[in-house]
Amino acid sequence: MTRLLFMLVLGAGMTFPAVKATELTTGERVFRQWCIHCHGEDNSGPGTLRLAWDKGEDKSLLTERADLGREYIRFVVRRGLDEMPSFRITEISEAELNALAEFLGR
Ligand code: HEC
């Protein structure tokens, strides 16, 4: 019983995200759901690493880029780019993609 309670408490603790979902914009939420594990800020994701390698450290983080156009982002997300997979409309809807492009692009 104690063990069950412990597991419940542990389980409940894990469902609390660091930032509440309601505080995020749609674009940021989509980025966290689909992109952050490759384009995260800890510099270990394949997207961040690849961009640092190809384009330089200052271009490695999507969230800090000011040179990416929204149309380009939409294109890359739907088509993929080399090692980056493409994303279907059933994964990221058009509305979500627009919000994502707004969040990342200029
Ligand atoms: C499985 C890992 C992975 C995921 C998930 C991923 N990417 Fe990428 N992304 C990459 C890699 C690797 C590259 C570099 C491609 C290359 O040039 O070889 C890249 C490149 C890009 C570029 C091109 C940047 C430039 O300078 O031209 C954009 C834009 C981009 N990703 C956006 C996204 C967005 C938005 C998402 C989420 C919907 C996402 N990526 C999800 C791996 C990923």
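**Notebook: the ligand shell and its surroundings**

I began with the residues around the ligand and sorted them by class: 16 are nonpolar, two are polar and six are charged. I note at the outset that the model is predicted.

**Entry on the ligand shell.** I counted 24 residues around the ligand. I then listed the closest, which are C35, C38, G47, D82 and M84. Which helix gives the most to this shell? I found that α4 does, with six residues. I also recorded that α3 (36-39), α4 (46-55), α5 and α6 each supply at least two residues of the shell.

**Entry on the fold.** I looked up the secondary structure next and found six helices and zero strands. Along the sequence I read the pattern α-α-α-α-α-α. Of the 106 residues of the protein, I noted that 16% count as buried. I then turned to the contacts with a separation of 6 or more, and found that residues 24 or more positions apart account for 58% of them.

**Entry on α5 and α6.** I examined this pair of helices, since both supply residues to the ligand shell. How do the axes of α5 (residues 70-79) and α6 (residues 94-104) cross? I found that they come within 9 Å and cross at roughly 130°. That angle makes α5 oblique to α6, because it lies neither between 65 and 115 degrees nor over 145. I recorded the crossing as right-handed. On the α5 side, I listed R70, I73, R74 and V77 as making the contact. On the α6 side, I listed L97, L100, A101, E102 and L104. By class, I noted six nonpolar, no polar and three charged residues in this contact.

**Entry on backbone angles.** I checked phi with a general expectation in mind: most residues other than glycine have a negative phi. I found that N43 has a positive phi of about 65°, although N43 is not a glycine. I located N43 in the loop between α3 and α4. Is N43 buried or exposed? N43 is exposed, because 11 other C-beta atoms lie within 10 Å and the limit for exposed is 12 or fewer.

I found a positive phi again at D82, of about 50°, and D82 is likewise not a glycine. I placed D82 in the loop between α5 and α6. D82 has 6 C-beta neighbours inside 10 Å and therefore counts as exposed. I closed the entry by returning to the ligand, where D82 is one of the closest residues.

Methods:
Residues numbered from 1 in each chain as written. Predicted model: local features only at pLDDT ≥ 70, side-chain atom pairs only at ≥ 80, totals over all residues. Axes fitted to C-alpha atoms, helices over the stretch in contact; angles between N-to-C directions. Helix = DSSP H or I, 4+ residues; strand = E, 2+ residues; numbered from the N terminus. Parallel < 35°, antiparallel > 145°, perpendicular 65-115°, else oblique. Left-handed = near helix turned anticlockwise from the far one by under 90°. Contact = placed C-beta atoms within 7 Å. Nonpolar A, V, L, I, M, F, W, Y, C, P; charged D, E, K, R; others polar. Near = placed C-beta within 6 Å. Buried ≥ 20, exposed ≤ 12 C-beta atoms within 10 Å, placed from the backbone.
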